[in-house]
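Me: Could you take a close look at one part of this model for me, namely how its pieces pack against each other? I'd like one connected walk-through rather than a list.

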Amino acid sequence: MNANGSAGALLRAPRRLLAVLAVGLSSLLATGCNNSPQPHDGPGSNTLFTAVIESSPRHLDPTASYWSNDTPYTYQIYEPLYGYHYLKRPFVLVPKTAEEVVKPHYLDKDGKELPADTPGEQVVESVYDIPIKKGIMFQPHPAFAKDEQGHYVYHSMKKGELGNRRTPMDFEKTGTRELVAEDFVYALKRHATTRITTPISGIFSEYVVGLKEYMELVKAEDAKLRKGLDPASLDRPMLDFRKWPLAGATAPEKYLFRVRIKGKYPQWNYWMSMTFLAPVAWEADAFYAQPGLAEANMTLDRWPVGTGPYMLVENVQDRRLVMKRNPNYRGEPYPCEGMPGDKENGMLDDCGKKTPFIDTIVSTIEREKVPQRGKFRQGFYDIEVFERVDTGQEYIVEKDDSDEVRKEYDERGFRLDKATDISSWLVGFNMLDPVIGLGDTPEKKLKNRKLRQAISIAMDWEEWSTVFPQKGGEPAMGPLPGGIFGSRHGKADGVNPVTHKVVNGQLVRRSLDDAKKLMVEAGYPDGRDEKTGQPLVINYDYYALPTPERKAEIDWVVKQFAKLGIQLEVRATDNNQFQDKVRKGKHQVFWLGWLADYPDAENFLFLLYGPNGKTRSDGENTSNYENPEYDKLFNQLKFMDDGPQKQELIDKMVHIAQEDAPWSFGYFPFSSAAMQHWLHNARPTVLIRDPGRYYKLDTKEREQRIAQWNKPVWWPVVLGVLAVAAIVWLAMRSFKRRERTNARGEVLAS
């Protein structure tokens, strides 16, 4: 019985397996093969899908955020006072939360008003009175939730009351309130905080009346609050900036924001278009300061609170971020004016309609370019990387290299418009470093400068654009790209005499022999220390991980230094680690890109302004470059409107920077974003940081194209199933034959 039962079970097992295979095959054929990384209803939903390069944003707190990985979120969620007209070029400031773009009125030393055309050196103070739009509401958030008595529901939580909540969306109640001028006052005061990084506080403290002293006050008040507390604790008492007035930022009326600026500073209007001056509700600070929230990663730096068209609803570290339409957003209209040709090409079809048009924006973090590009080509990303303008050039190069590729991309309708933009890429030197930096004696200063000049000559940026045409551009002679006042890019009088010369009317890079001569004068003949004979070894800090596609670019930089006998040690990290390193001054040579914040020369020249040093002041001068003459000229620049005097001053500053060579000036890249045909109203540029509300999707076209581009290939599946079925059949046949064989090896009839 037991033997027969076991044999029967063995006989039935292959049959069951065959039945399972049959069911699996029929199920597979019925449901179809789906390779989409999107949800099942993704292509048909009003959701924009895009990639993020390598890592989650570092800072979503508007006071701290100043990196391109942050801005795809901060500018969709927060609303500064001003912005730029989406379609007009040159760029034109327009009001966002403000009623209008205002002109300042000027005061003398006695507080008397001066004429609008008063020379900058005679202006003691500029006063900006900015009226705020009424009826703007903050997004729904538990920070605003109140009970029937008007008390805040979640402002008095004790340790442990957070429970299993891990995001603001996990709270049962939310609320909102109207935006008022005091929210802008509070935002400006927060640049004095000691709790988070404040990259622009050094610049602001130079201009905003009383801010420098206010920073010292807040530092002292914070020390009082934290006295006796564990300095390592993440729970810190709230810094309530409402308690301490700031002379330079006030709200004389409920909807009137007043800023007082030292002297004349025409660029201040541009700063008011950035999230550094986006409104911050004090309730958000109070909510996130409660015990246990920081430990649970629930902070303003991770979960922003704004008035913009979108709100963050999902933030999975280094995996995915999701923004959804803010139900409290008032719906600012799509523009009705643009550039010539905009009406004809459909860019004005949505004139006057309320924005945003898209319900959800899903950003997926991609560590490597190959899968990122593959998903775009399959249609799973509507725009390859949101807000980036350096992804389309690679596709353009591929089209130029292959007729077959050109045909494919044209048939798919990829939008790869190419344009020039105000941005730059460079290799910089940390001027605090004893080897490559400024130097501590006159002799060392001279030698180190010659070392930097030699490297700048050896860095063949013309070759870069030939080797990497997908990341190509025009070699930079200085810090200023074309397209902004003061730049001499592309002109004969803009040539960098340190790295280039004009021969027979042609611009040529100085020879390697010139660079090697400078190396000898710097004390490093053939890349070796003239005193010790030891090879010169320098660290190269790169802000991204050395993925296969980046390794070639990193290797290219290494080879440029090797021309001079310099050994370059690569220290590639992710962006967050890179930022920590440069703040501590632990870098030597580094790769850096800069996308313009506003269309003025100051926005590039301030990257070399001494008081804006990254390590000392947490500013954006990553080279920590400091030259008294350059800084003196920069302080004069802030008074000047565009004109001959400003041009003369800019020329002097650029010449100083060329001689000191704190950067190998790199190149000004071509810009082109990779976008799908079904994405409408798209005109990417580095200055327009809030494009999400203007974008519009044709979801029907997307569904059709994704289905067309991703037709399942069945024959490998069918062939595989048939192969397994054949193996099972042979196994069953062999088993049956063995069952009918007697002890003498004879097969008995069944």
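Reply: Before anything else, a contact here means heavy atoms within 4.5 Å. Keep in mind too that this is a predicted model.

Some background on the whole chain helps. The protein has 750 residues, and 53% of them count as buried. There are 21 helices and 23 strands, and the C-alpha trace spans about 120 × 80 × 65 Å along its principal axes. If you take the contacts with a separation of 6 or more, 73% of them come from residues 24 or more positions apart.

Now for the inside. The largest nonpolar core holds 187 residues, and Ile130, Phe204, Phe257, Trp268, Trp271 and Trp591 are the ones with the most contacts inside it. Helix H19, residues 644-660, gives the most to this core, with six residues. Take Ile130 as a sample: setting aside residues up to four places away in sequence, Ile130 touches Leu81, Tyr82, Ala98, Glu100 and Val102, and also Tyr255, Leu256, Phe257, Val259 and Met272. So Phe257, one of the residues with the most contacts in the core, turns up among the partners of Ile130, because the pair has heavy atoms within 4.5 Å.

The close look proper goes to the run of helices H8, H9 and H10. H8 and H9 (residues 392-401) have axes 12 Å apart and pack at an angle of about 75 degrees. That lies in the 65 to 115 degree range, so H8 and H9 are roughly perpendicular to each other. From H8, Lys369, Arg373, Phe376 and Arg377 meet Glu394, Tyr395 and Glu398 of H9. Sorted by class, this contact has five charged residues, two nonpolar and no polar ones.

Follow the chain on and H9 packs with H10 (residues 403-412), the axes being 5 Å apart at an angle of about 130 degrees. H9 and H10 therefore count as oblique. On the H9 side you find Tyr395, Glu398, Lys399, Asp400 and Asp401, and they meet Asp403, Val405, Arg406, Tyr409 and Asp410 of H10. Here the split is seven charged, three nonpolar and no polar residues. Tyr395 and Glu398 take part in the contact with H8 and in the one with H10.

Just past H8 comes Gln378, in the loop between H8 (369-377) and strand S12 (383-385). Gln378 has a relative accessible area of 26% and so is partly exposed, since buried would need under 20% and exposed over 50%. Neighbours within four places aside, Gln378 is in contact with Asn35, Arg412, Ile706, Trp709 and Asn710. By comparison, Ser511 is 133 residues away along the chain from Gln378, and their C-alpha atoms are separated by 46 Å.

One more helix pair makes a nice contrast. The axes of H11 (residues 442-458) and H13 (residues 512-521) come within 8 Å and cross at roughly 160 degrees. That makes H11 roughly antiparallel to H13, and the crossing is left-handed. Lys447, Lys450, Leu451, Gln453, Ala454, Ile457 and Ala458 in H11 meet Leu512, Asp514, Ala515, Leu518, Met519 and Glu521 in H13. This contact divides into eight nonpolar, one polar and four charged residues.

How values were computed
Residues numbered from 1 in each chain as written. Predicted model: local features only at pLDDT ≥ 70, side-chain atom pairs only at ≥ 80, totals over all residues. Heavy atoms only, no water. Axes fitted to C-alpha atoms, helices over the stretch in contact; angles between N-to-C directions. Helix = DSSP H or I, 4+ residues; strand = E, 2+ residues; numbered from the N terminus. Parallel < 35°, antiparallel > 145°, perpendicular 65-115°, else oblique. Left-handed = near helix turned anticlockwise from the far one by under 90°. Nonpolar A, V, L, I, M, F, W, Y, C, P; charged D, E, K, R; others polar. Core = buried A, V, L, I, M, F, W, Y, C linked by side-chain atoms within 4.5 Å. Buried < 20%, exposed > 50% of the residue type's maximum accessible area, 1.4 Å probe, protein only.
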